[in-house]
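Colleague: Please take a close look at one part of this model for me. Start at its end, work back through it, then place it in its surroundings.

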Amino acid sequence: LKEKKRHMGDTKHFCPVSLKENFVLCPGLYEHAAKYREKLYYFSTSEYRDKFLKNPEDYVAHNEPIQAPPLRMCLLGTHGAGKSTCARQIAEKLGIFHIQFEEYLQELILPKTKEKVGPSFEEEPEEDDSKIAVLAEELKDFSQSITETETEKTEQEVELTKEEEAIKANLVDNEALPAEVLDSIVPDWWRKEPFRSTGFILDGFPRTVDEAQYLSERGLYPDVAVFIEVEDSDILDRLFPPRLQKWKERQHKKMEKKKKLKDLKAKMRV
């Protein structure tokens with residue numbers, strides 16, 4: 001009966017200070033509640049409760065209702081479940097941003113790596129060919145200076161910062177991203193424009209318990225979290241054909257290269 005008689009504040013069970021200052025719907029806690037003008041407000045921390053009580057008029061509605069933030073959505077699921085396809089359709093329908101987390105990480109280091117990294121983009125190592133050594137000996141003087149120049153250029157391009165190295169390690173070896181790296185990326189989607197006022201669907205993050213804990217500790221709460229679960233056979237049907245085609249293309253290139261080397265060696269003998 002007491003619960004029914006309780007009059008909630010303008011932000012209901014969400015913290016009014018988090019909404020006002022961070023534009024985030026952060027659930028308040030019963031132990032951090034306070035009463036103002038016969039209405040009960042809940043706060044995410046005791047510090048926010050004290051801040052509210054010092055100047056409550058800054059955090060309550062006046063002539064019109066308090067504006068709620070736009071939709072922030074997390075879309076989760078195993079690799080190949082179709083997250084990106086669904087996310088693009090949802091983003092287009094709702095008029096919000098689509099953020100593909102792994103693709104976003106790739107773009108951060110692409111200016112230096114010059115190509116995308118990770119298991120999906122790795123080429124199979126080419127087999128050693130004795131004919132390459134024969135031709136290399138003939139063209140050694142011609143190619144040496146060019147090779148040295150290209151090596152220096154490559155070394156300069158792949159010189160990554162500590163943060164970029166962590167991102168690359170995450171993409172290549174699935175190593176966890178440090179909190180300081182996440183701090184430079186994730187909070188901006190909640191707190192900075194144009195994401196702050198438009199909203200977004202975050203595709204592929206969080207991926208681990210630690211990453212979900214990170215969002216909670218930073219007060220970055222999604223409004224919706226959707227997990228896509230599909231059968232293994234569906235994933236196989238979706239991923240296998242393009243990978244098979246990629247393998248065929250590599251085999252075709254390998255055969256072409258061998259043919260060129262054979263023809264070139266024949267010309268050198270003549």
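**A kinked helix and its core**

Modeller: Just after helix H5 comes Lys 114, with a positive phi near 70 degrees. Helices here are DSSP runs of H or I with at least four residues, strands are runs of E with at least two, and both are numbered from the N terminus. This is a predicted model, with local features needing pLDDT of at least 70 and side-chain atom pairs pLDDT 80 or more, while totals for chains, interfaces and linings use all residues. Residues are numbered from 1 along each chain as its sequence is written, and side-chain values use heavy atoms, without hydrogens or water.

H5 itself covers residues 101–113, 13 in number. From first C-alpha to last it reaches 18 Å, close to the 18 Å expected. That expected span is 1.5 Å times one less than the number of residues. H5 also has a kink of about 35 degrees at Glu 107. The bend is the angle between axes fitted to the seven residues ending at a residue and the seven starting there. The proline Pro 111 comes shortly after the kink.

Now the start of H5. There, a side-chain oxygen of Gln 100 comes to within 3.1 Å of the backbone nitrogen of Glu 102.

Which residues of H5 are buried? They are Phe 101, Leu 105, Gln 106, Ile 109 and Thr 113. Buried means under 20% relative accessible area, with a 1.4 Å probe and protein chains only; exposed is over 50%, and partly exposed lies in between. An α-helix has 3.6 residues a turn, so residues three or four places apart point the same way.

Phe 101 leads into the largest nonpolar core, which has 24 residues. A nonpolar core is a set of buried Ala, Val, Leu, Ile, Met, Phe, Trp, Tyr and Cys residues joined through side-chain atoms within 4.5 Å. Phe 101 is among the residues with the most contacts inside this core, along with Ile 167, Val 186, Trp 189, Trp 190 and Leu 202. H5 supplies at least two residues of the core; so do helices H8 (162–173), H9 (179–183), H10 (187–191) and H12 (209–217), and strand S5 (200–203).

Trp 189 touches H5 too. Beyond its neighbours within four places in sequence, its contacts (heavy atoms within 4.5 Å) include Phe 101, Tyr 104 and Leu 202. Another core, of nine residues, lies apart from this one; Val 17, Tyr 41, Tyr 59 and Val 60 are among them.

How values were computed
A polar contact is a pair of N or O atoms within 3.5 Å; within protein, one must be able to donate a hydrogen and the other to accept it, and residues adjacent in sequence count only if both atoms are side-chain atoms.
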